[in-house]
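Please look at the sequence and the structure that follow, and then read the paragraphs below with both at hand. They take the sheets first, then the helices, the core and the place where the chains meet.

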Amino acid sequence: MKNQEIDRIWHWRTTVFVGFLLAIVLLLGVSFGPISLDFMKILRTLFGLSGGLQDEEKILFLQLRLPRVLLAALVGAALATSGAVYQTVFRNPLADPYLLGAAAGAGLGATLALTGGTKSFYAALPLFAFLGGVLAVAATFIISGKAFADPATLLLSGIAIGSFATAVQTYLQQRNSAVLRPVYSWILGQLTVADWNVVKWASVYIVLALFILIRMSRLLDGLLLSDEEAFSLGISPNKVRIIAIGAATLATATAVSASGLIGFVGIVVPHLVRGLTKRATNRALFTVALSGAAFLVLADLGARTLLSPAELPIGVITAIVGAPFLLFVLRAKRVLK
Amino acid sequence: MIEIKNLSVRYGDFYALNHITLDIPRGTWTCLVGPNGAGKTTFLKTLLGNKAYDGSITIDGLEVYKNLRNVAFVPQRPEIPAGMDVTEYVMLGRARLDGWGRESRTSRRLVQQILEQMQLSGMRHQLVTQLSGGEMQRVLIARALVQEPELMILDEPTSALDLHHQISTLNHIEGMQKSGVTIVSTMHDITLGAMYAERIVIMQGGKVLLDGPANDVIHSAQLKSAFDDAITIHTLDNGRPVIVANKSAAIL
């Protein structure tokens, strides 16, 4: 028994494997659609080699497919990572990125933009949604009493703010029934608006937030313990909590304002990764981000192709595919134990 | 060396700890006793540093709130994380030494060794949420042991354990103490406390009532008065004191 040692808690092999999967999924994502593009030609175009895509195909690839797939990857990574972080911070496996009122606030912001009436308001929808989400989370913190409120108080404040924002949103919708349809389709989530502009500004915030979260992911494990235990292991739980919630909210609000409310990614992906690797550690956060990206790119592929040329709302796909898969993993985990 | 000077912790007008001054020499085992609500747990958490306090607590000259010393804490009611197995949980104890999220080869060997010592190897892949109270208690002690702390703070380390595991756990803690670690614990079982700790501090109403060598304190009038005279001290043939609650007085 001498010199024996236990296995590593986390293997980088897992992360590399998921990164490889993501690369394949991205390729599938840009290749398939109402018009299929050739794999090799795509790769040649990307690397600037001769024999790449030409004319309409090239425009389709560069102006439509690529930004859309990239946005799906960004949003998927943002939602999955924020979900995992919220679940850790609130020590609650059911927590999702929309918990602190970010979704309801963004929904209210979007509705305000749509009911504003003029075309310029409509264009400002992402900005309104973003501000709505951030303000709602800020309000949640303020009514919970103090910055370092305990998780349960924060959660209940989030629910109160969320309900309030939803109520105002419903009132506005009833008064302006003309916007019911666009608001509804926005709530179900959509990536159809993706263009390079959206990808550019979304990537700035999402990459920044994910960078912060993944940098600090190792410390997040401490939040799974009581504050005293975390403190005795050398971290300041309140500081870690505030930074984590701040960064996760930034990622969520950006994702929501770029693509509407895409449900289930924040819950299903972290649990999939934990279930398949049988590890609770937040060291998996980078892997969770990669998995979230792959998951949403695949879901978007389904949304575009299943009823082609018509499109399904992507939220429908994430739930239809995600729910049974999650149940399967949870059951398998219990059996294997 | 821990120096506590004029330490107070207040909740509004209520003093949970009321101007406590105490020195705790390195490598000793100090056991806090006293009735419920005497401030024992508050004292432990304040000593850890994660609680606002007036006055000063220093370990080798450094104020504890700065969190610069390697102090292990074994809580009475831990937060038990979902989806984490025993190995992963115990490995958290190495976070301060290895850096969070890393584990050195030394750490992996040490964790393996301690799991064996604590008879936990068999359940190292089990989820911590599935452990019994006693098993969890041993896992907590194991995590504190792998932390290789200079000070170990334990809140009722034996309350969830059966008689056999009470003794084996206390023996492990005593082993730590012999290797130079300072131990501060609470223990509701004063008889057991007196068997292991060389020093006993009686607390009541947030104050230190008496503090001294275990044997002196056990036989003092203050111990009885702290428990409203509801206890009797017997001495066994081998000279060991045994403290029992009085049935008639307990009704009050």
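Two strands are said to pair if DSSP finds at least two bridges between them, and the elements themselves are DSSP runs numbered from the N terminus, helices being H or I over at least four residues and strands being E over at least two. The model is a predicted one, in which local features need pLDDT of at least 70 and side-chain atom pairs count only at pLDDT 80 or more, whereas totals for chains, interfaces and linings use all residues. Residues are numbered from 1 along each chain as its sequence is written, while chains are lettered from A and ligands numbered from 1 in the order in which they are written.

In chain B, six strands form an open sheet with mixed pairing, in the order β6-β7-β8-β3-β9-β10. Its edge strands are β6 and β10 (207-213) of chain B, each of which pairs on one side only. Direction ignored, neighbouring strands of this sheet are turned by 15 degrees against each other on average, where axes are lines fitted to C-alpha atoms, for helices over the stretch in contact, and angles run from 0 to 180 degrees between N-to-C directions. Towards the β10 edge, β9 (residues 199-204) of chain B pairs with β10(B) in the antiparallel sense over six bridges, and B:Ile202 stands opposite B:Leu210 in β10(B).

Chain B also holds an open sheet of four strands, ordered β2-β1-β4-β5 and paired antiparallel. Because β2 (14-24) and β5 (62-63) of chain B each have a single partner strand, they stand at the edges, and one side of each is left without a neighbour in the sheet. Within this sheet, β1 (residues 2-11) and β4 (residues 54-59) of chain B are joined by five bridges in the antiparallel sense, with B:Ile2 opposite B:Ile59 in β4(B). Helix α1 (residues 40-48) of chain B lies across β1, β2 and β4 of chain B and runs at about 60 degrees to β2(B).

Turning to chain A, the axes of helix α3 (residues 55-89) and helix α12 (residues 265-277) come within 7 Å and cross at roughly 75 degrees. The two helices α3(A) and α12(A) are therefore roughly perpendicular, a word that covers angles from 65 to 115 degrees. Two residues are in contact if their C-beta atoms, placed from the backbone, lie within 7 Å; among the residues that meet here are A:Gly76, A:Leu79 and A:Ala80 of α3(A), and A:Val265 and A:Ile267 of α12(A).

Helix α3(A) also gives the largest nonpolar core its largest share, 17 residues. Such a core is a set of buried Ala, Val, Leu, Ile, Met, Phe, Trp, Tyr and Cys residues joined through C-beta atoms within 7 Å, and a residue is buried if 20 or more other C-beta atoms lie within 10 Å of its own. Of the 183 residues in this core, A:Leu71, A:Val297 and B:Ile153 touch the most other members. Not counting residues up to four places away in sequence, A:Val297 touches several residues, including A:Val25, A:Leu26, A:Val69 and A:Gly76.

Between the chains, 30 residues of chain B are in contact with 27 residues of chain A. On the side of chain B that touches chain A, α4(B) gives the most, with five residues, and α1 of chain B is one of the elements that give two or more.

Methods:
Parallel < 35°, antiparallel > 145°, perpendicular 65-115°, else oblique. Buried ≥ 20, exposed ≤ 12 C-beta atoms within 10 Å, placed from the backbone.
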